[in-house]
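Subject: Structure for you to look at

Hi,

Here is the structure I promised to pass on. Please open it next to this email, and I will walk you through what turned up.

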Amino acid sequence: MNAKEISLKEKSVRPVVDHLNDLLANYHLHYQKTRGCHWNVKGKSFFTLHVKFEELYTVALTTIDELAERILTLGKAPYSTFEDYIKTSKIKEVDTIGMKDTQMVKALIDDMATLIEMERELLELTSEAGDDGTNDMVNRFMQYKEKNTWMLRSFVNED
């Protein structure tokens, strides 16, 4: 690792990088699940959810890229195989074909809860490491999901 190149201590940053890779793996599963929801949503909420799911997977894809680039900035290689993503991820695959629209929304709410929990843990690690750059990035990701969790919960009357 070369964290010292950006004025961070490698020993302090190592747990941050490991957690970033775990988060990256989880985002990949979340991204693919969201794409599946976008492709397979049906019913009277189609037009609303089709657009929302596209927004969510587009943001997830951008987040994946930012996570990988931050891992590289901190001097380690990001995971890059589906084997690593599936093996590492707390989020599990689901078959969205034939899934009811409200079940899709609930599945994404569950994913977001997992991601938020991981991001809160990561914020503690970044704070301890003095890694304000990663902290700011992760905080932005978390705030987006917090707001969208509220919106999706309202959609399925679980607010």
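Let me start with a residue that is easy to look up: tyrosine 85 is buried, because its relative accessible area is 6% (buried means under 20%, exposed over 50% and partly exposed in between, with a 1.4 Å probe and protein chains only). Please keep in mind that this is a predicted model, in which local features need pLDDT of at least 70 and side-chain atom pairs count only at pLDDT 80 or more, while totals for chains, interfaces and linings use all residues. Residues are numbered from 1 along each chain as its sequence is written, and side-chain values use heavy atoms, with hydrogens and water left out.

Aromatic pairs

Tyrosine 85 shares helix α3 (residues 82-88) with phenylalanine 82, 3 residues away, or about one turn of the helix. (Helices are DSSP runs of H or I with at least four residues, numbered from the N terminus.) Unlike its buried neighbour, phenylalanine 82 counts as exposed, at 61% relative accessibility.

How many aromatic pairs does the structure hold? There are 4, where a pair means rings of Phe, Tyr or Trp (its six-membered ring) with centres within 6.5 Å; planes under 30 degrees apart count as stacked, over 60 as edge-to-face and the rest as tilted. One of them joins tyrosine 27 and phenylalanine 141: the ring centres are 6.4 Å apart and the planes stand at 65°, so the pair is edge-to-face. This pair links distant parts of the chain, with tyrosine 27 in helix α1 (residues 10-40) and phenylalanine 141 in helix α5 (residues 132-155), 114 residues apart. Tyrosine 27 is buried at 3% relative accessible area, and phenylalanine 141 is buried at 4%. Phenylalanine 82 and tyrosine 85 also make an edge-to-face pair, because their planes are at 90°, with ring centres 5.6 Å apart.

Salt bridges

A search of the whole structure finds 8 salt bridges, each being a side-chain nitrogen of Lys or Arg within 4 Å of a carboxyl oxygen of Asp or Glu. Among them is the bridge between arginine 70 and aspartate 131, whose closest N and O atoms are 2.7 Å apart. It links distant parts of the chain: arginine 70 belongs to helix α2 (residues 46-73) and aspartate 131 to the loop between α4 and α5, 61 residues apart. Both of these residues are buried.

Which residue does glutamate 119 pair with? Its partner is lysine 145, at 2.7 Å between the closest N and O atoms. Here glutamate 119 sits in helix α4 and lysine 145 in helix α5, 26 residues apart, and both are buried.

Arginine 120 and glutamate 146 meet in another bridge, at 2.6 Å from N to O. They too connect helix α4 with helix α5 across 26 residues. Arginine 120 is partly exposed at 43%, as is glutamate 146 at 32%.

A charged patch

Finally, have a look at the surface, where Glu117, Glu121, Glu124 and Glu128 gather in a patch of negative charge. (Patches join like charges within 9 Å, using residues with over 30% relative accessible area and no salt bridge; Asp and Glu count as negative.) Glutamate 124 lies in helix α4 (residues 101-129) and is exposed, with a relative accessible area of 55%. From glutamate 124 to phenylalanine 53 is 71 residues in sequence and 30 Å in space, C-alpha to C-alpha.

Happy browsing, and all the best!

How values were computed:
Patch = residues over 30% accessible without salt bridge, like charges linked within 9 Å, V, L, I, M, F, W, Y side chains within 5 Å. Areas by Shrake-Rupley, 256 points an atom, 1.4 Å probe, with all protein chains shown as cover. Charge placed at Lys NZ, Arg CZ, Asp CG, Glu CD. Helix = DSSP H or I, 4+ residues; strand = E, 2+ residues; numbered from the N terminus.
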